[in-house]
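Here is a set of exercises to work through with the model open beside you. Try each task on your own first, then follow the solution step by step.

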Amino acid sequence: MSSVSLERLSKRYRDTDVVRDVDLDIAEGELVVLLGPSGCGKTTTLRMIAGLVQPSSGHVRIGGERVDPLPPRARNIGMVFQDYALFPNMPVRENIAFGLQERRVARERIEARVAEMLALTRMQPFADRYPAELSGGQQQRVALARALAYEPRVLLMDEPLGALDQRLREDMQREVARIQKSLGITTVFVTHDQQEAMVLADRIVVMNAGRIEQLGTPEELYANPRSLFIADFVGRSNRLHGEVRELADGIVRVGLRNGLTIRARSTTAMTVGNAVVCTIRPEKLRIADATDNAIPVTMRRRSFMGASVDLTVEAEGGGEMLVRLPATTAHVPIPGERLVLAFDAVDCLCFSETPG
Amino acid sequence: MIGRTRHVYDAALVGALIASALLFLVPQFFFIRQSLLPNVAPGVVGDTISLDNYREIVADPFYWSVFGRTIGLSAASVAMGLLLAFPTAYLLARMAAPIVRWLIVLLLISSFVSVVVKVLGLSLLLGTDGPVVRTLGALSFGFWNVRLLHNDVGVAIGLVQYTLPLMVMILFGVIQNVPPSLEDAAAVHGASDWRTFRRVLLPLLWPGTLAAALIAFNMNMGAFTSAVLLGGGRVLTVPIMIQRKIVLETDYPNAAALALLLTLTVVAVNLAALKARPAAIAGTRAG
């Protein structure tokens, strides 16, 4: 097990910066998720750690050692690929043994280790099957077993659960978390699914346009998004457009487009007259008989989600909003009903409309 | 109503099948029958059925040497062709550029050009006054006066040129079916480039490569134009010999027997190669 450090890591293809000046320190045994929309540079970053892509500039350190000049095979890392990349010409047992055989490990040791890996991933009954005879979830387990068999220093996972259906995906997330914690292996996991990132990560690195947008625990990112992009990408947020009227002690008074005035928490430097976007989480809205920091709306649709009831409402002056109430809520409004939504100023985050 | 159209539809399909079968089988019947008849005088065929033509061919070492040379030239050309086609197809298949599609189209179009035209270009290139021979001579200060035309080397080069576009196209498809992530996985899990080739690529590409090689071999065995033009009458292969039997000796039965033996040889080589296939794959699996 080793730490991983990325120092001003960059990748340029012709005139495009795919990854720009990424600095990141990953502690030993930590599971870090690289999260971002497609094309944000997360997979390229992962492939640079693996040595499958050469950085244009910057360095990769594993356990303090600079691995830039080393080919992938000399880096001693395990990797799970998006399409699993199991060798179709070998049965499960031999796929798992591959890394050990290439390292010229003694036969008895290989057999013992393969048996251990089959047990760890609960794949013993399928040891002699070929990849084509396995389901997606089973192939995923074999890919994980193959990557872990030779006790690599670091485990890299490139959207490994993308091809699985929702239910299996959740099972596999728990499985990956269990195995990662039981081995204590430093892991970098790439995904575009924020839910998955929240379930797995010790820390999440949100990437956008080749840069790290924000880095923190799931709680930090959810509660204190540093930009509108993060507020939108991690969890769901309602957006309210308006203009700064007044500033005092970190609280902004915002005049909304529909004529209402609300109070929100300012996040970045802004001045009176700036165009801003205020975001508020659906669960921070409550139905109340209030006039202060309140938005009158009309009820449109309800969706029962099991643990919560989601209401889609229409704000006066246009714009849909999402409200999340506990499933135990006694009175759920009916469509057409007029309501007032209230919220605390600290729960409403105010961002400048122009980024930066 | 639906049942009725269905019948008409089926009848059209079966009719086409029967017509195709007749077009193939009827000439074959007369051709095989002719190979069993005696040649009484030039151009005159008798009517007693016997295996005499075959006995005569099998008993004559001259025919054996011609068959041997044809097989040798065909196999050598396949080997040379594979050495050129495999890396080319690999590069094309792994290049993630739109230009690849145009290169493949170009390759396809070039394979429609008449062999005669292509051979003409090749003989200008390889002739005694051609650029290749001159360059080799100049580089060796006149000591190396290699001949690349009107001998086995010329024929082999011609056969490679004849089959290369098809080999590249077949191998391109075969290699494209192996996802690059398999090579990445092998590299990350500890394999060198050579070991990746040996343990992952070769076992997966072997069946398709064998198919490409057999198709090229079969084309070479039957190649007439390249062999006759680049061999310049000095290289005798089975197709050229058959042509001579017909044109110079007007010995149709003997020509038919030779043609049938050529077909049987090709079939035998193909069956042997396909039978050897599973063993070869098992061999690569052990690593």
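**Exercise 1. Determine in which hand α4(B) passes α7(B), and which residues of the two helices meet.**

*Solution.* Start with the hand: the crossing of α4(B) past α7(B) is left-handed. A crossing gets this name if the near helix is turned anticlockwise from the far one by less than a right angle, and is right-handed if clockwise. A word on the source: this is a predicted model, where local features need pLDDT of at least 70, side-chain atom pairs count only at pLDDT 80 or more, and totals for chains, interfaces and linings use all residues. Residues are numbered from 1 along each chain as its sequence is written, while chains are lettered from A and ligands numbered from 1 in the order in which they are written.

Next, the geometry. Two packed helices are described by the angle between their axes and the distance between the axes. Here α4 (residues 99-110) and α7 (residues 152-176) of chain B have axes that come within 9 Å and cross at roughly 145 degrees. Axes are lines fitted to C-alpha atoms, for helices over the stretch in contact, and angles run from 0 to 180 degrees between N-to-C directions. Helices (H or I, at least four residues) and strands (E, at least two) are DSSP runs, numbered from the N terminus.

Now the residues. From α4(B) come B:Ile104, B:Leu107, B:Leu108 and B:Ser110, and they meet B:Pro165, B:Val168, B:Met169 and B:Phe172 of α7(B). Contact requires C-beta atoms, placed from the backbone, to lie within 7 Å. By class, this contact has seven nonpolar residues, one polar and no charged ones. Ala, Val, Leu, Ile, Met, Phe, Trp, Tyr, Cys and Pro count as nonpolar, Asp, Glu, Lys and Arg as charged, and the others, Gly among them, as polar.

**Exercise 2. Describe the makeup and dimensions of chain B.**

*Solution.* First, take the elements: chain B has 12 helices and two strands. Reading from the N terminus, the order is α-β-β-α-α-α-α-α-α-α-α-α-α-α.

Second, look at the dimensions. The C-alpha trace spans about 80 × 70 × 40 Å along its principal axes. The radius of gyration of chain B is 24 Å, whereas a compact globule of 287 residues would have one near 19 Å. This radius is taken over C-alpha atoms, and the globule rule is 2.2 Å times the number of residues to the power 0.38.

Third, check burial: 28% of the 287 residues in chain B are buried. A residue is buried if 20 or more other C-beta atoms lie within 10 Å of its own, exposed if 12 or fewer, and partly exposed in between, with C-beta atoms placed from the backbone.

**Exercise 3. Find how many residues each chain gives to the contact, and which elements of chain A take part.**

*Solution.* Count by chain: 19 residues come from chain A and 17 residues from chain B. On the side of chain A that touches chain B, the elements giving two or more residues are β6 (77-80) and α2 (92-102). The largest share, four residues, is from α2(A). Sorted by class, this side of chain A holds 11 nonpolar, three polar and five charged residues.

**Exercise 4. Trace the open sheet β2-β1-β4-β5 of chain A and find its edges.**

*Solution.* Begin with the order: four strands, β2-β1-β4-β5, form this sheet with antiparallel pairing. Two strands pair if DSSP finds at least two bridges between them. The edges are β2 (16-26) and β5 (65-66) of chain A, each pairing on one side only. Helix α1 (residues 42-50) of chain A packs on the sheet and touches β1, β2 and β4 (57-62), with its direction at about 115 degrees to that of β1(A).

Then zoom in on one pair. Strand β1 (residues 4-13) and β2 of chain A are joined by seven bridges, and A:Ser5 has A:Asp25 in β2(A) as its bridge partner.

**Exercise 5. Which residues of β17(A) and β19(A) partner A:Thr298?**

*Solution.* Take β19(A) to begin with: A:Arg338 stands opposite A:Thr298. Strands β16 (residues 294-304) and β19 (residues 338-342) of chain A run antiparallel, joined by five bridges. In β17(A), the bridge partner of A:Thr298 is A:Glu314. Finish at the turn: β16(A) and β17(A) form a hairpin with three residues between them, where A:Gly306 has a positive phi of about 95 degrees.
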